[in-house]
Amino acid sequence: MATRSCREKAQKLNEQHQLILSRLLREEDNKYCADCEAKGPRWASWNIGVFICIRCAGIHRNLGVHISRVKSVNLDQWTPEQIQCMQDMGNTKARLLYEANLPENFRRPQTDHEDIMETTAAVALLLNKGLLCAKH
């Protein structure tokens, strides 16, 4: 059983992580889902370093943890490594990195379209083939 001191330390660390995530979510590009641009994402793919909506979080989970590791911004506990990944990337940098080689005719799926899973799967395929580079 964890000692009171350990529990208090873990609680303090979790509070610090929540403050960092809240600050990151106030950045303009992080206010929208990295995949479909829905407002107010509350989930994140921490290994990719992006904030996503609940619908896209489900799609990311279906891709498998070898592609995307999803956590709730509020409900889950975060490690310092995971927080660092989010600080290092964020939606703006992720788009510059991961979407640099998308074709000119690429159309970002919208929250009300059924093609969001198809587009996310296509990006996962590009990651698997090494055509997009996943840093984390």
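What percentage of the 136 residues in the chain is buried? In this predicted model, buried residues make up 43% of the chain. The secondary structure comprises five helices and three strands, and these follow one another along the sequence in the pattern α-β-β-α-β-α-α-α. Among contacts with a separation of 6 or more, 60% join residues that are 24 or more positions apart.

A good place to begin the tour is the pairing of helix 1 with helix 3. Helix 1 spans residues 4–25 and helix 3 spans residues 80–88; their axes come within 11 Å and cross at roughly 15°. Since angles under 35 degrees count as roughly parallel, helix 1 and helix 3 are therefore roughly parallel to each other. The crossing of helix 1 past helix 3 is left-handed. On the helix 1 side, the contact is formed by Leu13, His17, Ile20, Leu21, Arg23 and Leu24, and these meet Pro80, Ile83, Met86 and Gln87 of helix 3. By character, the residues of this contact divide into seven nonpolar, two polar and one charged.

Helix 1 also holds Gln11, which counts as partly exposed because its relative accessibility is 43%. Gln11 lies 66 residues from Gln77 in sequence, yet the two C-alpha atoms are 9.7 Å apart in space.

Turning to helix 3 itself, the buried residues there are Gln82, Ile83, Cys85 and Met86. These four cover an arc of only 155° around the axis, so they sit on the same side of helix 3. Pro80 and Glu81, by contrast, are exposed on the other side of helix 3. The cover over the buried residues of helix 3 includes helix 1, strand 1 (43–45), strand 2 (50–52), strand 3 (70–72) and helix 4 (90–98). Ile83 and Met86 thus appear twice in this account, as buried residues of helix 3 and as partners of helix 1. After helix 3 comes Gly90, with a positive phi near 80°.

Helix 2, residues 54–63, can be read in a similar way. Its buried residues are Cys56, Ala57, Ile59, His60 and Leu63. Viewed down the axis of helix 2, they fall within an arc of 160° and so line one face of the helix. An α-helix has 3.6 residues a turn, so residues three or four places apart point the same way. Ile54 and Asn62 are exposed, on the face of helix 2 turned away from the buried side. Just after helix 2, Gly64 adopts a positive phi of about 105°.

The loop between helix 1 and strand 1 offers two further residues of interest. One of them, Asn30, belongs to this loop and is buried, because its relative accessible area is 2%, with under 20% counting as buried. Leaving aside residues up to four places away in sequence, Asn30 touches Leu24, Leu25, Pro41, Phe51, Gly90, Asn91 and Thr92. Among these partners, Leu24 also takes part in the contact of helix 1 with helix 3, and Gly90 is the residue with positive phi that follows helix 3.

Glu37 lies in this loop as well, between helix 1 and strand 1. Its relative accessible area is 37%, so Glu37 is partly exposed. Most residues other than glycine have a negative phi. Glu37, however, has a positive phi, near 70°, although it is not a glycine.

Technical notes: Residues are numbered from 1 along each chain as its sequence is written. This is a predicted model: local features need pLDDT of at least 70, side-chain atom pairs count only at pLDDT 80 or more; totals for chains, interfaces and linings use all residues. Side-chain values use heavy atoms; hydrogens and water are left out. Axes are lines fitted to C-alpha atoms, for helices over the stretch in contact, and angles run from 0 to 180 degrees between N-to-C directions. Helices (H or I, at least four residues) and strands (E, at least two) are DSSP runs, numbered from the N terminus. Angles under 35 degrees count as roughly parallel, over 145 as roughly antiparallel, 65 to 115 as roughly perpendicular and the rest as oblique. A crossing is left-handed if the near helix is turned anticlockwise from the far one by less than a right angle, and right-handed if clockwise. Contact means heavy atoms within 4.5 Å. Ala, Val, Leu, Ile, Met, Phe, Trp, Tyr, Cys and Pro count as nonpolar, Asp, Glu, Lys and Arg as charged, and the others, Gly among them, as polar. Buried means under 20% relative accessible area, exposed over 50%, partly exposed in between (1.4 Å probe, protein chains only). The arc is that of the directions from the helix axis to the C-beta atoms.
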